[in-house]
Structures are given as C-alpha cells and as structure tokens.
Amino acid sequence: YVNGLRVNYASNLLISTNIPIIDVCFDAGFGSLSYFYRVFSDIHGIGKHKLEMYGETFISIIKDYLSK
C-alpha cells in the first residue's frame, strides 16, 4: 500500500516538475533508484529493464502510461 502511494507521488512529481528522477525517487521515500524502478514496474506492469534502459526519458514513459 505504502509503495503505491510513493509511486503515485513520484509519478506526479515527474510529470509536473523538472526534478531529476533520482531526486524524486529519494523524495518519495525510496532507498535507491533501482528499487523505485522495480516497484513502479510491479505496480504498473512496465518491465523494469525497459525503465532502466530509458533512464531520464522515463518521464515520457510515465506520461504515456498515465494518459491512457
């Protein structure tokens, strides 16, 4: 439950600000970027490796996913 809230908070920050992913990750309460990617992929069904591959363009993945 808590991770869902954290991912939602992080997603909103990534969409509405220009804060780097790593800063958003820690601000949302995750201990590492890798763990954030894992939890996000578990919750939203997007492959962890795909998220890591895109790096900073992760924001566009989130925007595309959340707009559906």
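These exercises work through a predicted model of a single protein chain.

**Exercise 1. Judge the confidence of the model, overall and by element.**

Start with the whole chain. Its mean pLDDT is 80. Of its residues, 72% reach 70 or more. Next, go element by element. Helix H2 has the highest mean, 91. Helix H4, residues 48-54, has the lowest, 62.

**Exercise 2. Describe the fold in terms of helices and strands.**

Count the elements. The protein chain has five helices and zero strands. Read along the sequence, the pattern is α-α-α-α-α. Now turn to contacts with a separation of 6 or more. In 34% of them, the residues lie 24 or more positions apart.

**Exercise 3. Check the length of H1 against its expected span.**

Take the 15 residues of H1. At 1.5 Å a residue, the span should be 21 Å, because the expected value uses one less than the number of residues. Compare the model: the end C-alpha atoms of H1 are 21 Å apart. The two values agree.

**Exercise 4. Find which residues of H1 are buried, and where they sit around the axis.**

List them. Val7, Ala10, Ser11, Leu13 and Leu14 are buried in H1. These residues cover an arc of only 165° around the axis, so they lie on the same side of H1. Recall the helix geometry: an α-helix has 3.6 residues a turn, so residues three or four places apart point the same way.

**Exercise 5. Classify Leu5 as buried, partly exposed or exposed.**

Locate the residue first. Leu5 lies in helix H1. Its relative accessibility is 46%. Buried needs under 20% and exposed needs over 50%, so Leu5 counts as partly exposed. Now look across the chain. Leu5 and Ala28 are 23 residues apart in sequence. Their C-alpha atoms are 8.7 Å apart in space.

**Exercise 6. Identify the largest nonpolar core and the helices that supply it.**

The largest nonpolar core has 15 residues. Those with the most contacts inside it are Val7, Ala10, Leu14, Val24, Phe30, Phe36 and Phe40. Helices H1 (2-16), H2 (21-27) and H3 (33-44) each supply at least two residues of this core.

Take Phe30 next. Leave aside its neighbours within four places in sequence. Phe30 then contacts Asn3, Arg6, Val7, Cys25, Tyr35, Phe36 and Val39.

**Exercise 7. Summarise burial and surface for the protein chain.**

Buried residues make up 34% of the 68 residues. The chain exposes about 4100 Å². Carbon and sulfur atoms supply 55% of that area.

Methods: Residues numbered from 1 in each chain as written. Predicted model: local features only at pLDDT ≥ 70, side-chain atom pairs only at ≥ 80, totals over all residues. Heavy atoms only, no water. Core = buried A, V, L, I, M, F, W, Y, C linked by side-chain atoms within 4.5 Å. Buried < 20%, exposed > 50% of the residue type's maximum accessible area, 1.4 Å probe, protein only. Helix = DSSP H or I, 4+ residues; strand = E, 2+ residues; numbered from the N terminus. Contact = heavy atoms within 4.5 Å. pLDDT = per-residue confidence, 0-100. Areas by Shrake-Rupley, 256 points an atom, 1.4 Å probe, with all protein chains shown as cover. Arc of directions from axis to C-beta.
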